[in-house]
There are 2 protein chains.
Amino acid sequence: MNRRDFNSIMIGGLAASVLPRPRLSSQSQSDLRVNGDRINAHLAALSEFGKNPQGGVSRVAYSDADRSARARVMEWMRAAKLEPTIDYAGNIVGRRAGQNASLKPLVFGSHIDSVPSGGNYDGDVGTMSAIEVAQTLAEHGVATRHPIEVAIWQNEEGGLFGSRAVSGQLTAAELKTVSSSGKTVEEGIAFIGGDVAKLGQVKRRKGDIAGYIELHIEQGGKLAANKIDIGVVEGIVGIKRWDVTVTGFANHAGTTPMNERHDALLAASRFVEMVNRVVRSIPGGQVGTVGHIEAFPGAPNVIPGKVTCTLELRDLNDTKIDMMFARIAKEAKAIGGENGTQFAFSLIHVSEAAPSNPRMRAIISDAAKSLGLSSRDMPSGAGHDAQAIAQLAPMGMIFVPSIGGISHSPKEFSRPADITNGANVLLKAVIAADQALT
Amino acid sequence: MNRRDFNSIMIGGLAASVLPRPRLSSQSQSDLRVNGDRINAHLAALSEFGKNPQGGVSRVAYSDADRSARARVMEWMRAAKLEPTIDYAGNIVGRRAGQNASLKPLVFGSHIDSVPSGGNYDGDVGTMSAIEVAQTLAEHGVATRHPIEVAIWQNEEGGLFGSRAVSGQLTAAELKTVSSSGKTVEEGIAFIGGDVAKLGQVKRRKGDIAGYIELHIEQGGKLAANKIDIGVVEGIVGIKRWDVTVTGFANHAGTTPMNERHDALLAASRFVEMVNRVVRSIPGGQVGTVGHIEAFPGAPNVIPGKVTCTLELRDLNDTKIDMMFARIAKEAKAIGGENGTQFAFSLIHVSEAAPSNPRMRAIISDAAKSLGLSSRDMPSGAGHDAQAIAQLAPMGMIFVPSIGGISHSPKEFSRPADITNGANVLLKAVIAADQALT
């Protein structure tokens, strides 16, 4: 591949004389459908890259499996009449020119990297559907006003590295962090064809993108449980994450009476229970999780003198997160007071809530309706590349049902028919957004 | 050193004609006192072996520091007119013949191995005091009816390996376990001069030892807090230890609503709190501890699907331990029922309660009283070599105060005057037991 930076792709474009013209009437366009069999065949083919014997894939970013899959995906892009390039951040961008060279591109896509021991739907469904939408448009000779770009963001699972390079949120320090592949992000970007020395050129400004739409599996169980076809994402929740340290006093488990202990694990256990209670005590869809815990010294016969754990809070409303944390910190202090232990919190991650664009939400809702599909508005509890691109452009997201709400697991599953529905909604939404957006 | 097995040491003995005769009257014997300065000087000298820059020692069994210290201790034994040998299990036994060659030996001693980053008193106080008692007897020409043996049991901290070899409780499988030194127990025993091939010859039977007395630091804070000089140990608590597994369902922390979670860590936290509550709800000195915990997969953004932790219960009454466990297991099942998680318990360690001998307790109490020292009966919450030897002989234990109850820590401390008091009680108790026991 020739390597071109994202901006030059965007600013460039084919001469208007060679642009395809619309060959379908409005009526015909409303009959337009993706080839669902082809999407699901591509998903099956993609699942071979990094396949695990016990099911699912380990196709972590910057692995051999990731790089091989990316090469295959670029072939599919070419078949869809997209011109794929790799930007300096390592994102794959498949571009097709629009009728109006002065318009900014309409971008849609997702990612194909997985978590370790992940599934075959997270990211893959959105990516394969985006390519399919481009192919459907090409096969039916539908020209768009805007240039279209199918984006495959690199290392979404590690922390939206590719999309945050484009939104300008990626820091130099993050490039030195070690990814799941064992490579640093910097090494990983070089491995997949990027160039960190020129990373600054990848950054886009607000208004550089006409609009962004991402199709993704829900990763929760609400759609499937309620038999709803399509989720119209209200926004991506804000996330704050803390390292929590509980300090007590380690002592001999045999000789220290129960009433003389400063047991850090007892205090940490009351903390876990309290976090659950506080988060559930407020109406709304907020969530709070303690996912990691370790007691020191960690021997069965020593009272833990120190515990480290994590706290994560998510909500569509950043203020609500701060309000919950204030209550949790206050109650933690009281818990510590009960047995002479101290709590300390260190904020390690902040991801601000990213509301979707109301116009995009209406476009997606209407698209679903026009296809006879049921839909409901819902937040995205998971992070997505869409939240980074929402910094730059009107953003919309389409969810398809995840059976049982299982995700980041080999058991992750979305029904082929639901995937095809989602891709058709994406197709309709892209066509509508192309008309609606400037 | 010549290596001799423990039984042959015990059965052997010098001809009566060369035995020392008592040279002190009863009145003079009651004035007999140990040299407290010498004990504390020996403790200071011993603290150089495995000394840590930040204080305390790491003299784990089978380390170079352990072996070097053992060589030094054998020199001190010779100065105390004891004949030190290493038995096949690696225990050091310093023997002096008694007046009556038909009597079994009166054994007293402790250990000199430490935990990693341990202190200078656990084991060391009892060992240095035992040698001092022998030296005091020798210097004052006090002959005993029984042979006396000062025993320095190897690898106490790893699990009473030396004393359990003698009581016949050590299993072949345990020899393959890796000790804190990095060596297997088998390799370690060879390293310090034992011979596992002949380990069976070390085993003694009930009645092979006339009596056993061990002086040790309390390791709890009861004596110091109540300004009591001497603890008369009622027995060594029984211990049961379980591996606990809590099984829930791992899922995405952002997309799984609070009321649809099967959070194994939330259940485990309720378990930790419940264990504390159940143990404290019953009158008595029993203790219960969860010292180790781990959540899987352990990421801040994944609801834990599995938690492993430990449970340890201790009491002087084994039945009480079983009763507490039955309540804990029942309540754990209810906790699991609340959020769809399951608890499983795997018993990994059993150490039966070892009551001390009533006659030995009276001898120790009287010894303290005769010295004008205050004493109280108390359980030992920690395990000791005495519990293994209690299988074979009447056992008594003497505790001296641990300041602040701190143990297994560089901050472990017992006052020199308290140590001297303890050694004097040991001296008087050995003399009294020599008279009282057959």
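A:Pro297 sits in the loop that links strand E10 (293-296) and strand E11 (302-303) of chain A. The peptide bond leading into A:Pro297 from A:Phe296 is cis, with omega near 5°. This is a predicted model. Chain B has a cis peptide bond as well, between B:Phe296 and B:Pro297, with omega about 5°. B:Pro297 lies in the loop between strand E10 (293-296) and strand E11 (302-303) of chain B.

**Chain A as a whole**

Chain A contains 15 helices and 16 strands. Its radius of gyration is 24 Å, close to the 22 Å that the globule rule gives for 438 residues, so chain A is as compact as a globular protein of that length. Along the principal axes, the C-alpha atoms of chain A fill a box of roughly 85 × 45 × 40 Å. Of the 438 residues in chain A, 58% are buried. Contacts in chain A often link distant parts of the sequence: among those with a separation of 6 or more, 80% are between residues 24 or more positions apart.

**Where chain A meets chain B**

How many residues of chain A are in contact with chain B? There are 50, and they touch 50 residues of chain B. Several elements of chain A supply at least two residues each to this side: strand E8 (251-252), helix H11 (264-280), strand E9 (287-289), E10, E11 and strand E12 (306-315). E10 and E11, on this list, are the strands that flank the loop of A:Pro297. H11(A) gives the largest share, nine residues. By class, the side of chain A that touches chain B has 19 nonpolar, 22 polar and nine charged residues.

**A pair of helices in each chain**

Next come helices H3 and H5. In chain A, helix H3 (residues 36-46) packs on helix H5 (residues 124-139). Their axes are 9 Å apart, and the angle is about 135°. That angle makes H3(A) oblique to H5(A). The crossing of H3(A) past H5(A) is right-handed. H3(A) brings A:Arg38, A:Ile39, A:His42, A:Leu43 and A:Leu46 to the contact. H5(A) brings A:Asp124, A:Val125, A:Met128, A:Ser129 and A:Glu132. Five of the residues in this contact of H3(A) with H5(A) are nonpolar, two are polar and three are charged.

Chain B has its own pair. The axes of helix H3 (residues 36-46) of chain B and helix H5 (residues 124-139) of chain B come within 9 Å and cross at roughly 135°. H3(B) is therefore oblique to H5(B). This crossing of H3(B) and H5(B) is right-handed. On the H3(B) side stand B:Arg38, B:Ile39, B:His42, B:Leu43 and B:Leu46. They meet B:Asp124, B:Val125, B:Met128, B:Ser129 and B:Glu132 of H5(B). The contact of H3(B) with H5(B) divides into five nonpolar, two polar and three charged residues.

**Three loop residues**

The table gives C-beta neighbour counts for three residues found in loops.

| Residue | Other C-beta atoms within 10 Å | Class |
|---|---|---|
| A:Lys227 | 8 | exposed |
| A:Arg145 | 16 | partly exposed |
| B:Leu160 | 25 | buried |

A:Lys227 has a positive phi of about 50°, although it is not a glycine. The loop that holds A:Lys227 runs between helix H10 (222-225) and strand E6 (230-236) of chain A. Is A:Lys227 buried or exposed? A:Lys227 is exposed, because only 12 or fewer neighbours are allowed for that class and A:Lys227 has 8 other C-beta atoms within 10 Å.

B:Leu160 also has a positive phi, near 55°, and is a residue other than glycine. B:Leu160 lies between strand E4 (148-152) and helix H6 (161-167) of chain B, in the loop there. B:Leu160 is buried, with 25 other C-beta atoms within 10 Å.

A:Arg145 belongs to the loop between H5 and strand E4 (148-152) of chain A. Which residues does A:Arg145 touch, leaving out those up to four places away in sequence? They are A:Gly98, A:Gln99, A:Asn100, A:Leu103 and A:Asp434. A:Glu338 is 193 residues from A:Arg145 along the chain, and their C-alpha atoms are separated by 66 Å.

Methods:
Residues numbered from 1 in each chain as written. Chains lettered and ligands numbered in written order. Predicted model: local features only at pLDDT ≥ 70, side-chain atom pairs only at ≥ 80, totals over all residues. Helix = DSSP H or I, 4+ residues; strand = E, 2+ residues; numbered from the N terminus. Rg over C-alpha atoms; globule rule 2.2 N^0.38 Å. Buried ≥ 20, exposed ≤ 12 C-beta atoms within 10 Å, placed from the backbone. Contact = placed C-beta atoms within 7 Å. Axes fitted to C-alpha atoms, helices over the stretch in contact; angles between N-to-C directions. Parallel < 35°, antiparallel > 145°, perpendicular 65-115°, else oblique. Left-handed = near helix turned anticlockwise from the far one by under 90°. Nonpolar A, V, L, I, M, F, W, Y, C, P; charged D, E, K, R; others polar.
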